[in-house]
Structure formats: structure tokens, C-alpha cells
Amino acid sequence: MRRKTKMIHGGLVGDPQTGAVSTPIYQVSTYKQDGIGNHKGFEYSRTGNPTRHALEELIKDLEEGTAGFAFGSGMAAITAVMMLFNSGDHVILTDDVYGGTYRVMTKVLNRLGIDSTFVDTSNLATIESEIRENTRAIFIETPTNPLLKITDIEGAAKIAKEHNLLTIVDNTFSTPYWQTPLTLGADIVLHSATKYIGGHSDVVAGLVVVNSKELARDLHFVQNSTGGVLGPQDSWLLIRGIRTLGIRMEEHEQNTAKIVNFLSAHPAVKKVYYPGLESHPNHDIAKKQASGFGGMVSFDVGSAEKAEKLLTSVKYFTLAESLGAVESLISLPAKMTHASIPTERRAELGITDGLVRISVGVEDAEDLIEDLAQALK
Ligand SMILES: *Cc1c(COP(=O)(O)O)cnc(C)c1O
């Protein structure tokens with residue numbers, strides 16, 4: 001099955017009992033048993049729900065893994081994955097990881113004894129130098145947010161295997177349409193499905209896919225024990241979103257290429273961050289491991305005043321956090337998505353006050369470019 005076909009025909013399609021072509025929303029908490037323990041595969045909806053199950057089967061197929069899991073948010077998914085570890089364990093993470101991931105590791109999971117180190121994983125040698133006796137996993141986000149740094153997934157997974165560590169990849173920016181980390185050697189891939197997978201700014205959700213029966217058993221145990229599951233209505237919305245993921249990603253990609261060309265040539269733009277640019281330091285790796293570069297672009301306009309003027313002058317780019325939806329969004333990472341990262345740390349990472357991030361939607365590229373042109377003026 002090719003990629004767009006898989007979006008439509010992957011997982012469990014429709015309802016065999018009625019012939020309904022979309023999976024019904026099973027708005028139900030419990031299931032009748034014909035005798036004690038004698039049920040049709042579902043007992044209680046925290047443990048399993050047919051609509052959520054259809055979504056979990058679909059994401060499993062898209063990421064080419066062993067089992068899929070749906071959670072109430074991307075952060076619930078990340079937290080559940082971290083619950084695979086024990087007090088005293090250590091995890092290495094990408095330095096400009098999503099702000100919420102940084103926060104949960106350094107303000108919540110640290111209290112439970114899970115230790116973390118943040119390194120520039122785009123440089124494989126720095127990963128290896130941070131491995132300790134108690135290190136259990138390497139957590140990679142690629143491309144990153146908002147600097148669009150790229151980590152070599154295959155290279156990192158190789159280092160992880162040599163040291164008996166798990167490789168975990170946050171694949172939110174690429175989606176399985178462009179990048180399938182499990183096929184590159186990763187053990188666990190996860191998503192904020194709130195972004196491209198949902199695609200319409202109308203649901204908050206998280207997805208995880210694992211590559212082994214053991215990890216599937218352990219993560220299902222955590223999911224059922226801690227209970228951060230996705231409800232049936234939101235599971236259905238994600239299934240619907242995934243049906244058009246392929247065509248949306250193609251459109252995001254084409255629009256983004258045009259906008260990147262425009263921004264790169266604009267005198268008011270100091271620097272453009274996009275893995276599709278040949279000048280991007282890891283452009284070759286991006287090209288090797290993903291079949292598209294995605295719809296996220298960051299660019300520096302030099303100062304906070306200029307950035308704020310731009311943000312309030314655009315009309316098709318909505319000033320909002322989040323990304324990956326049909327409508328174009330614009331944000332100022334230093335004051336919005338990355339505000340939970342301390343100022344000194346932001347400076348270290350290069351997230352300047354003049355850095356603007358856009359999530360390119362699926363409007364006409366010409367309208368988006370005209371809008372940016374008038375706002376930059
Ligand atoms: C948004 C996001 C998250 C968190 O997901 P939520 O659905 O907001 O909880 C994690 N990782 C990345 C890369 C994100 O963009």
C-alpha cells in the first residue's frame with residue numbers, strides 16, 4: 001500500500017456489522033459480559049474502546065509498528081512513555097525540545113527521580129558523551145521547534161542500541177506521511193496529534209506507537225493504570241483528520257517551499273530556518289530520512305519590536321500557539337510556546353526575541369506571500 005492509500009485503507013475501516021464506511025463513535029464506558037470475563041474484547045473504556053481502538057490500529061499501521069496508543073494530549077502521551085522508566089533512571093533529550101517536554105522532565109518527573117540531560121542531538125557525538133550507567137533512553141525531536149534542527153534518527157538509534165537504550169522520537173512535525181522513525185531503528189514514536197494529525201485546530205490528543213510486544217504490553221499497562229486515554233469523540237476526529245493527512249501534507253509542503261523562497265530573498269529577514277534549504281546544516285540528513293521537509297518555518301526579523309509589529313499586521317496568519325492545521329498560524333516563540341523555558345536557556349539555544357515562527361496552512365500560497373510582504377513592509 002502506498003502512503004496516501006494507507007491513510008484511507010489502513011487500520012480498521014468502517015463497521016462490519018452495519019456497513020457504515022466510517023468507524024462509529026462508541027460513546028460508551030462499559031460492556032455487557034455474557035458470563036464473568038466472557039466479553040467481546042472490551043470490558044471498560046479506560047482499558048479499551050472500539051473507536052479509540054480503530055484509531056490506535058490506524059496509527060500503528062501508519063508508523064509501521066507493533067501497537068498504537070491514544071492519549072488525551074501529546075503531553076499525556078510523553079508522560080506515559082516516561083512512566084516506562086523507574087526512579088534513578090536517566091534520559092537524554094534534544095536540547096530545543098518542545099517547551100512542555102522540557103517542563104515535565106525538569107519540574108514533574110525529576111520529582112519522581114527520573115533524571116534528564118538536554119543535549120544538541122543534531123551532533124551525534126554529544127549524545128554518546130552524555131550516556132551514563134543509569135541512562136535508559138534517548139528522546140529525539142526532529143525537526144525541532146522552533147529552530148528546525150535535524151537529528152539523524154538512524155545514527156542516534158545505532159548509538160542507543162550499542163548502549164542498550166531505547167530510542168524515542170517525537171514525530172509531531174513530520175508526521176508518518178513524511179517520516180517513519182521505527183523503520184529507521186527507533187523503538188517508540190510519538191505525536192502531539194493536536195497538530196498535523198488532527199489538522200483542523202479542533203482536538204487535543206497524543207499518539208504513541210511501539211515496535212515490540214514487550215513495549216506494547218508495558219505501555220498498555222501504563223495507559224490503563226494512569227488512565228490518560230483519549231475519548232471516543234476525539235478518537236473519531238483524529239481518524240477523520242488522518243484520511244486527508246496525505247493531501248494536506250503535500251499542500252503544506254508546496255506552500256512552504258514558495259514562502260521560504262520569498263522570505264530568503266527579503267531584505268528585512270535576517271535568517272530563515274527550514275530543513276529544505278540547502279544551507280540548512282543538516283539538509284542532507286533531512287533529505288535522507290524524510291520524504292518532505294514540512295510546513296514549519298522560523299525566521300529572524302532582528303528585534304522584538306519588529307517581530308511584534310509583524311505579528312499584529314498579518315491578516316491571514318492567525319496569532320496563536322499550536323501548529324499543523326489547515327489555517328496558517330504565526331507566533332513569537334520567546335513570548336509564547338517557549339515562555340516556559342528560562343530566559344538564559346532560551347538565549348543559549350538561539351531563540352531570540354526577533355524569531356518568528358509560522359505554521360504554513362493550505363490557503364493559496366500567493367495570498368500568504370502577499371500578506372507577509374505587506375506586514376514586513
Ligand atoms: C504540541 C507539542 C507537544 C505537546 O502536545 P499537546 O497535544 O499540546 O499536549 C509535544 N511535542 C511537540 C513537538 C509539540 O508540538
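Buried here means under 20% relative accessible area, and with that cut-off in hand the tour of this predicted model can begin at helix α2.

**Helix α2**

Select residues 50-63, which make up α2, and colour them by accessibility: the helix is mostly covered, with 11 of its 14 residues buried. Those buried positions in α2 are Pro 50, Thr 51, Arg 52, Ala 54, Leu 55, Glu 56, Leu 58, Ile 59, Lys 60, Leu 62 and Glu 63. If you place a distance between the end C-alpha atoms of α2, you should read 20 Å, which agrees with the 20 Å that its 14 residues should span at 1.5 Å a residue.

**Lys 6, beside α2**

Next select Lys 6, which lies in helix α1, residues 3-9. Is this lysine buried or exposed? Lys 6 is buried, because its relative accessible area is 17%, and the cut-off is under 20%. Leaving aside neighbours within four places in sequence, Lys 6 is in contact with Met 1, Leu 58, Asp 61, Leu 62 and Glu 64.

From that list of contacts, go on to Glu 64, in the loop between α2 and β1 (67-71). Glu 64 has a positive phi of about 55° although it is not a glycine, and at 47% relative accessibility it counts as partly exposed.

**The largest nonpolar core**

Now show the side chains of Leu 55, Ile 197, Leu 207, Leu 238 and Ile 242, the residues with the most contacts inside the largest nonpolar core, which has 48 residues. At least two residues of this core come from each of α2, β4 (135-141), α6 (153-162), α7 (175-178), β7 (206-210), α9 (232-243) and α10 (245-264), and the largest share, five residues, comes from α2. Colouring by domain helps here: domain 1 (3-243) and domain 2 (246-376) both give residues to this core, so it lies between them.

Centre the view on Leu 207, which, not counting residues up to four places away in sequence, touches a set of residues including Leu 55, Ile 59, Phe 69, Val 189, Ile 197 and Leu 238. Apart from the largest core lies another, of 30 residues, and Phe 71, Phe 139, Ile 168 and Ala 216 are among them.

**Rings**

Four aromatic pairs are counted in the model. One of these to select is Tyr 102 with Phe 118, a tilted pair with 4.8 Å centre to centre and 55° between the planes. The pair links distant parts of the chain, since Tyr 102 is in helix α4 (residues 99-108) and Phe 118 is in strand β3 (residues 115-119), 16 residues apart. Tyr 102 is buried, with a relative accessible area of 14%, and Phe 118 is buried as well, at 18%.

For a ring with a charge over it, select Arg 3 and Tyr 177: the charged end of Arg 3 sits over the ring of Tyr 177, 4.4 Å from its centre.

**The loop between β4 and α6**

Finish with the backbone. Most residues other than glycine have a negative phi, and most peptide bonds are trans. Which residues does a cis peptide bond join, with omega about -5°? That bond joins Thr 142 and Pro 143, and Pro 143 has its place in the loop between β4 and α6. A cis peptide bond also joins Asn 145 and Pro 146, with omega about 5°, and Pro 146 lies in the loop between β4 and α6.

Leu 148, in the loop between β4 and α6, has a positive phi of about 55° although it is not a glycine. Leu 148 is buried, with a relative accessible area of 2%.

Technical notes:
Residues are numbered from 1 along each chain as its sequence is written. This is a predicted model: local features need pLDDT of at least 70, side-chain atom pairs count only at pLDDT 80 or more; totals for chains, interfaces and linings use all residues. Side-chain values use heavy atoms; hydrogens and water are left out. A nonpolar core is a set of buried Ala, Val, Leu, Ile, Met, Phe, Trp, Tyr and Cys residues joined through side-chain atoms within 4.5 Å. Buried means under 20% relative accessible area, exposed over 50%, partly exposed in between (1.4 Å probe, protein chains only). Helices (H or I, at least four residues) and strands (E, at least two) are DSSP runs, numbered from the N terminus. Domain bounds come from an automatic or database domain assignment. Contact means heavy atoms within 4.5 Å. Rings of Phe, Tyr and Trp (its six-membered ring) pair if their centres lie within 6.5 Å; planes under 30 degrees apart count as stacked, over 60 as edge-to-face and the rest as tilted. A charge sits over a ring if NZ of Lys or CZ of Arg is within 6 Å of the ring centre and within 35 degrees of the ring normal. The expected span of a helix is 1.5 Å times one less than its number of residues.
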